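The following paragraphs lead through a protein structure, from individual strands to the core, the cavity and the chain as a whole. Please keep the sequence and the coordinates in view while reading.

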Amino acid sequence: MPLPPAQTDGGYLGADFETFFSAVTSGAAGVYVGTLLEDAGISTDLTITPGQTVSVSGDPSLPQAPSWGGGGFTVQERGSLALVFVALSGGLSLAGGSASLSGCTLGSALTVSGGSSVSLNGCGGQLTGLSVVDSSFFTMDASSTTTLGGSISLSNAGAITLQDKTFAAGAQLAVTGGT
C-alpha cells in the first residue's frame with residue numbers, strides 16, 4: 001500500500017519580499033519572517049491564514065521606517081502578525097487573529113473583530129478609522145503618538161484601552177455595548 005504524501009509546513013526567513021509575499025499567500029501554516037531593507041512597494045493586500053505567524057521588521061539602521069506599500073493586511077482566525085518599524089498606509093483588518101505593532105507609522109483604517117486582539121506600542125501616524133467589535137480588544141500604549149481620526153466605533157463587547165490619547169478634531173466616537 002503506498003504511503004500518503006508527506007505533509008510540510010510553510011515558512012520563510014529573509015529580505016526578498018516578492019518571495020516572502022508568495023510564501024505567505026501559499027496559505028501553508030508556518031513561520032514567515034521578513035526584514036525590510038528598503039521600501040517594499042507591496043500594493044496587494046496580504047491575507048494571513050490560520051496557523052501562520054508572520055513577522056515584518058524594518059531595518060532599524062534606516063533613518064525612517066521603510067514603507068510596506070499601499071497593500072494592507074488581513075489576519076484571519078488563529079493567524080498572527082507582528083510589525084516592527086514599518087510604515088503601513090494600507091488597511092489592517094483582524095477577524096479572529098492577533099497583531100502587535102511596534103514603532104510603526106500608520107496611515108489607514110483598522111478593523112478588529114471576531115475575538116481578535118491588536119496592540120500598538122510606540123507607533124505614530126494617524127488611524128483614519130477604528131472599529132472594534134465582537135469581543136475584540138484594541139490597546140494603544142502611552143508612547144504611541146498615533147492620532148485617532150475619522151470614525152471610531154465600538155460595539156458587541158469590544159474593548160478599547162488608550163493611555164494618554166487625544167482624538168483628532170472632527171473624530172466621531174460611537175459606543176454600543178462596548179467598554
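The model is a predicted one. A convenient place to begin is strand E13, which spans residues 117-121 and has two unlike faces: Val118 and Leu120 form the covered face, while Ser117, Ser119 and Asn121 form the uncovered one. In a regular strand, side chains point alternately to one face of the sheet and the other.

Strand E13 has a parallel partner in strand E10 (residues 98-102), to which five bridges join it. Within this pairing, Ser102 has Asn121 of E13 as its bridge partner. Strand E13 also runs parallel to strand E15 (residues 137-140), and here the number of bridges is four. One of the residues on the covered face of E13, Val118, has Phe138 of E15 as its bridge partner.

A comparable description applies to strand E9, residues 92-95, where Leu92 and Leu94 make up the covered face and Ser93 and Ala95 the uncovered one. Four bridges connect E9 with strand E6 (residues 73-76) in a parallel arrangement, and Phe73 stands opposite Leu92. Strand E9 also pairs with strand E12 (residues 109-113), again in the parallel sense and over four bridges. In that pairing, Ala95 of E9 is placed opposite Ser113 of E12.

Strand E6 also contains Val75. Is Val75 buried or exposed? Its relative accessible area is 0%, and therefore Val75 is buried. Setting aside residues up to four places away in sequence, Val75 touches Ile48, Ser80, Leu81, Ser93, Leu94, Ala95, Gly96, Gly97 and Ser98. Between Val75 and Pro50, which are 25 residues apart in sequence, the C-alpha to C-alpha distance is 8.4 Å.

Ser155 offers a second example, located in strand E16 (residues 147-155). Ser155 has a relative accessibility of 18%; the cut-off for a buried residue is under 20%, so Ser155 counts as buried. The C-alpha atom of Ser155 is separated by 9.8 Å from that of Ser113, although their positions lie 42 residues apart along the chain.

Attention now turns to the nonpolar interior. The largest nonpolar core has 40 residues, and the members that touch the most others are Phe20, Trp68, Leu101 and Phe138. Helix H1, residues 17-25, gives the most to this core, contributing five residues. For Phe20, the contacts beyond its neighbours within four places in sequence are Tyr12, Tyr32, Val33, Gly34, Leu46, Val54, Ser55, Val56 and Trp68. Phe138, named above as the bridge partner of Val118, is thus also among the core residues that touch the most other members.

Empty space can be located by rolling a probe the size of a water molecule over the atoms. How many cavities of 30 Å³ or more are found? The count comes to one, and the volume of the largest cavity is about 30 Å³. Its lining consists of Leu88, Gly90, Leu92, Leu106, Ser108, Ala109, Leu110 and Leu127. By class, this lining divides into six nonpolar residues, two polar ones and no charged ones. Leu92, on the covered face of E9, is one of the lining residues.

At the level of the whole chain, the secondary structure comprises one helix and 18 strands. Of the 179 residues, 40% are buried. Among contacts with a separation of 6 or more, 23% are between residues 24 or more positions apart.

Technical notes:
Residues numbered from 1 in each chain as written. Predicted model: local features only at pLDDT ≥ 70, side-chain atom pairs only at ≥ 80, totals over all residues. Heavy atoms only, no water. Buried < 20%, exposed > 50% of the residue type's maximum accessible area, 1.4 Å probe, protein only. Pairing = 2+ DSSP bridges. Core = buried A, V, L, I, M, F, W, Y, C linked by side-chain atoms within 4.5 Å. Contact = heavy atoms within 4.5 Å. 1 Å grid on protein atoms, 1.4 Å probe; cavity = no way out; pocket = protein on both sides within 12 Å on 5 of 7 lines; lining within 4 Å. Points joined across faces, edges and corners; volume = space filled by probe spheres on them. Nonpolar A, V, L, I, M, F, W, Y, C, P; charged D, E, K, R; others polar.
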